[in-house]
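The following exchange takes up several terms used in describing a structure. Each answer sets a value against the definition of the term.

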Amino acid sequence: MKKPHTLCFIDDDEIYQYAIARSVKAHHLAEKVLVFMDGEEAMWFFNDNVNNNENLPDIIFLDINMPIMDGWQFLDEYLKLKPRITKPITIYMITSSVDPVDYEHAKRISEISDYVVKPIKPEILKELVEKYTIAN
Amino acid sequence: MPIPNTSGNLKRSLLSFIAAAILVILPGIVAIIGWFTHIDILTSVSHNYVSMKFNTALCFIILGSAFLLMLKGNSLASKNVFIILMTCLGIISGLTIIEQIFNWNVGIDQFFVADPKAAAQGLPPGRMALSSAFCFTLLAVSFLGIDSKSIAYKKVAQIFLHVVTLIAFIAIIGYLLRVPNSFTFVFFSSMAINTAICFMIISVAAAGINYNLGITSLFTGQSIGNVVARKLFPRMVIILLLLGYLSIKLERAHYINDEVGIVLSTMSFILISLFLLWNTLNEMNRLDQKRTEAEQETLLLNKNLESMVLQRTLDLKNSNDRFIKIFDSNPVCIALTNLESGQYADVNDAILKLLHYSREELIGHTAAELAIVSPEYRQYMIDSLRKNGFLKNEEVQLKDKYGNIKHCLINADMVEFSDEKYMMSFVYDITNRKLVEDNLQETKKSLEVLTDKLTNQNKQLLNFAHITSHNLRSPVSNLNLLLHFYKESTTIEDKEDLWGNFETVVHHLNTTLDELLEALKIQDETNKVREELSFEQTFNLTREMLLGQIMESKAVIKADFSKAPQIVYPKTYLESIMLNLVSNAIKYRSASRVPEIKLVTEDVNGELTLTIQDNGMGIDLERHKDNLFGLRKTFHRHAEAKGLGLFITKTQVEAMGGTISATSKVEKGTTFKVVFNKK
């Protein structure tokens, strides 16, 4: 049982970011929150901190639809980087897409722990974090 | 030389002539041997008979040899030898006649051998008998005349031969009946018996050469008279000889006197003649019977043959009628054309109906001449026929009398009639079928177009559903989330803070709905009014609208619309498409290069295309190919990137049945290609 230290949200939706920040704060879900507006921004961070386990998040909440680099493209890049990352990181796919194609795609990638459809109410976020806590 | 009888008898006749010649030459040789060896029996058959003189024997050898020459020799040399031989014969016999008549001795009688025996009898020694000399002269003359071109000479020669036969015959009878060597008979009795026989043989044989002349003609020939002559004459001769011999014998023995002898011989002759006549009559009747039977048989055969011919003719006519019926009433058009000349030899009714020609207008004319097919096509048909022997299911267009095109299927074969090669063609009119086929083809085409359109619309609908799913769900879920927080919030400040966020989401939702509605409107406006537009004018308008950006970026824009200057298209769409693509090209320019933009229109097989090429920053198409034209998809960190322009452009192009595609290289540039009317 280990509570996550850092949560990472990759999403271009400002309102979503706002809601998440409120939820994390309200339920004391983590010490630190990382926010990126698209996959490319997130990749820059991961590339910079690949050996810095302290800065790396414990859980990534990844959106699919984003400009410049979307969720899938981020995953492709992340998987290339992954052999160099020593820290175990859980990835949740968080999306407004109810497209079954996206769901099937997500199921085929073993790194994705869960696929959750928006809206993410504070309770759902709490459950996801608790799931991580139990698993670790 | 003429040889009696025809065909099979020819060889036999020739053989008997050669035998006659040899039968004459042999006694001559025997007599000469007798003269040299002094064996009397060789010169005269009996001791008390007159001998064949040496000259006579020589003459027979000459005569026989000449006869052989006449039969076998065809060369000029042999003819000359023949004439020389005859001349010798004539000289010897002529001289002998002169000697006999004038009782001279010219020294030819004992020229070769002496004749002591004749001298003892008081006769001129070694001299040939007058009758023999006379006969040789006649023979020499007639031999020279046998092959003559003059018919008169031939006839004379034939008569001379008969005279020789007669003389020899009388001499032989004299010997047979032992007529006393009286003065009146001395002319005949001075001829030796073997000489007489030789004369008999040679004269009869020679007379057989011109068998259709003189008495010989009586015995040769196939008519009934000749048959009778051949049958009756030898028997009568034998009987007469027999009777004469008997009566003379009886008279000499004094059994009967002269008168009784004459009466008896006359009576016997009448009786025997009667018997002979009766015998001949029977034979003739039998022949006649045979002939009648043969005639009847022939008649019967003829009749059978006639009925057979009649039956065959009838059969032939029936089969011909059947064939004509099949040929004429056949719904398939059949034409028989001469392969060499190309002329129609025969055509059936169906082809006349198809091409509206009369039979007379077709037969004897060629299809090329009447412009039914082109001469090239006919040549092609002939070539394939000669190569393969047939032509199978060829589609061809035939022209009828009035120039109407008939679509036909043609099958052809090569046939031969009486050594002439013909092309037998079978033609099926498929004009109606073709029409239906064409209709079907057209229907299929329009169905395909409809299917394409439907597929396109379906794709757009799917795309739209996708967009709705992504772009409408997120604001709605945000609203839900905010509402959740709002309910739970306790402070006024917090509620106000949330309210501000509500405004943002509603605004966002509003924009998204507007954009989607715009897209929906475009998709719905597939029947938008199209007008003839000039690319140049539209481009000028675009340049005016983007003047500020062009000046700021110092962009160099080149346009070449010469290959396809115009298009029929909705005005607002073309303006929107060009504006979006050109403004994108400026917007995503490279920081390190002066923007260069090139617009080109082309008409490729009726497909109107617009290409817009820039040297800007480019897009990583490996990563973004699925999203390039998507709504709210941006690929560059650019303040003005909204992810709307290409989405609208694509929607407009596709709504009008076209396509848009892009090729790009990062830091090199991008090329967009619009095909306005995809075929």
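**Terms and values in a predicted model**

Chain A has five helices and five strands. This is a predicted model, in which local features need pLDDT of at least 70 and side-chain atom pairs count only at pLDDT 80 or more, while totals for chains, interfaces and linings use all residues. Residues are numbered from 1 along each chain as its sequence is written, and chains are lettered from A and ligands numbered from 1 in the order in which they are written.

Q: What makes a stretch of chain A count as one of its helices or strands, and which pattern do they follow?
A: Helices are DSSP runs of H or I with at least four residues, and strands are runs of E with at least two, numbered from the N terminus. Along the sequence, chain A reads β-α-β-α-β-α-β-α-β-α. Chain B has 22 helices and twelve strands.

Q: Why is B:His356 called exposed?
A: A residue is exposed if 12 or fewer other C-beta atoms (placed from the backbone) lie within 10 Å of its own, buried if 20 or more do, and partly exposed in between. B:His356 has 12 other C-beta atoms within 10 Å and is therefore exposed. B:His356 is found in the loop between α13 (349-355) and α14 (359-362) of chain B, and its phi is near 60°, a positive value in a residue other than glycine.

Q: What makes B:Glu667 exposed?
A: The count for B:Glu667 is 11 other C-beta atoms within 10 Å, so B:Glu667 is exposed. The loop that holds B:Glu667 runs between β11 (659-665) and β12 (669-675) of chain B. Phi of B:Glu667 is near 65°, again a positive value in a residue other than glycine. Most residues other than glycine have a negative phi.

Q: What makes a set of residues a nonpolar core, and which members of the largest one touch the most others?
A: The set must consist of buried Ala, Val, Leu, Ile, Met, Phe, Trp, Tyr and Cys residues joined through C-beta atoms within 7 Å. The largest such core has 72 residues, of which A:Ile10, A:Phe61, A:Leu62, A:Tyr92 and B:Ile612 touch the most other members. Helix α20 (residues 571-587) of chain B gives the most to this core, with seven residues.

Q: Why is α18(B) called oblique to α20(B)?
A: Helix α18 (residues 535-545) of chain B and α20(B) pack at an angle of about 50°, with their axes 9 Å apart. That angle makes α18(B) oblique to α20(B), because angles under 35 degrees count as roughly parallel, over 145 as roughly antiparallel, 65 to 115 as roughly perpendicular and the rest as oblique. The axes are lines fitted to C-alpha atoms, for helices over the stretch in contact, and angles run from 0 to 180 degrees between N-to-C directions.

Q: How many residues of chain B are in contact with chain A, and what makes two residues count as in contact?
A: Two residues are in contact if their C-beta atoms, placed from the backbone, lie within 7 Å. There are 21 residues of chain B in contact with 17 residues of chain A. The largest share of the chain B side, twelve residues, comes from α16(B).
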